Amino acid sequence: MSRARVRFTAPPRIVLLGHPALRRVAAHVDDVRSPEVKRVVRLLLLGLDAQDGSGLAAPQIGESRRIIAIRDLFNRLEGKEVIAPHLGDAHRARLLGVLPVVAINPVITASSAEEEEDWEACLSLPALHGLVSRPKSISVRFTTVDGDEVEHTCTGWGARVFRHEMDHLDGTLFVDKLRGGAADLVHESEISHHLQDDESAEPTADESPSGK
């Protein structure tokens, strides 16, 4: 009896800072149901899972197309750290039945005036982190892999990740958003020092204007 061949697709290589695809404006997708687009989407999802990332953009796998994948667009994992805390987001998402959202030709239609600053990292800049200020909420429109048009308001972490991945489609990296540019990058092995600085920076009663 012959055995059927099972073909496995290896996760794609994540391209790193310096690769031309990271600085190009990605091409608009005309036919979301084409075999080529399906191939890119499959690789994107494989890469997202393999890297346990929050999001991944097609240019990060060397494909200059306007396609992104977001692990938790609707913030369903938020506050779920108690569920298998030793596992990464990809594993916890599977436990909760949270599937990544693939957004084709995404557009931001509105952004909140209020912004917040938080630490970001990027699979294409491994081990580097930086504080980036972004809108607290954004309204987005995109096409799904089935060809449906979706409109959604993202908040919190979902909004941050969506904006970060969309930047990749326009050749922008999070390092470009840092107030001090590359000088504000922090290696992950040293980030604890900066988290301590953030906590100690909160004014005491004697240091605050009202305490003078």
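Let's start with a hairpin: strands β6 and β7 are joined with five residues between them, and Gly 147 in the turn has a positive phi of about 90 degrees. Keep in mind that what you are looking at is a predicted model.

The two arms of this hairpin, β6 and β7 (residues 149-155), run antiparallel and pair over seven bridges. If you want a spot to find on screen, look for Arg 141, which sits opposite Glu 151 in β7. As background, strands of a sheet pair through backbone hydrogen bonds, in either a parallel or an antiparallel way.

Now for the loop between β6 and β7, where you'll find Thr 144. Is Thr 144 buried or exposed? Thr 144 counts as buried because its relative accessibility is 16%, and the cut-off for buried is under 20%. Which residues does Thr 144 touch, leaving aside those up to four places away in sequence? They are Val 32, Val 102, Ile 104 and Val 150.

Strand β6 also has a part in the aromatic story. The structure holds one aromatic pair, formed by Phe 142 and Phe 162: the arrangement is tilted, with 6.2 Å from centre to centre and 40 degrees between the planes. This pair links distant parts of the chain, as Phe 142 belongs to strand β6 (residues 137-143) and Phe 162 to helix α3 (residues 156-169), 20 residues apart. Phe 142 is buried, and Phe 162 is buried too.

Here are the relative accessible areas for the residues just discussed:

| Residue | Relative accessible area | State |
|---|---|---|
| Phe 142 | 2% | buried |
| Phe 162 | 0% | buried |
| Thr 144 | 16% | buried |

Next comes a sheet. Three strands make an open sheet in the order β4-β5-β8, with antiparallel pairing. Which strands are at the edges? They are β4 (115-122) and β8 (186-187), each of which pairs on one side only. Between β4 and strand β5 (residues 125-135) there are eight bridges, and these two strands run antiparallel. One bridge to look for puts Glu 117 with its partner Ser 133 in β5.

Helix α3 packs on this sheet and touches both β4 and β5, with its direction making about 55 degrees with that of β4. That brings us back to the aromatic pair: α3 is the helix that carries Phe 162, while the partner Phe 142 lies in β6.

How values were computed
Residues are numbered from 1 along each chain as its sequence is written. This is a predicted model: local features need pLDDT of at least 70, side-chain atom pairs count only at pLDDT 80 or more; totals for chains, interfaces and linings use all residues. Side-chain values use heavy atoms; hydrogens and water are left out. Rings of Phe, Tyr and Trp (its six-membered ring) pair if their centres lie within 6.5 Å; planes under 30 degrees apart count as stacked, over 60 as edge-to-face and the rest as tilted. Helices (H or I, at least four residues) and strands (E, at least two) are DSSP runs, numbered from the N terminus. Buried means under 20% relative accessible area, exposed over 50%, partly exposed in between (1.4 Å probe, protein chains only). Two strands pair if DSSP finds at least two bridges between them. Contact means heavy atoms within 4.5 Å. Axes are lines fitted to C-alpha atoms, for helices over the stretch in contact, and angles run from 0 to 180 degrees between N-to-C directions.
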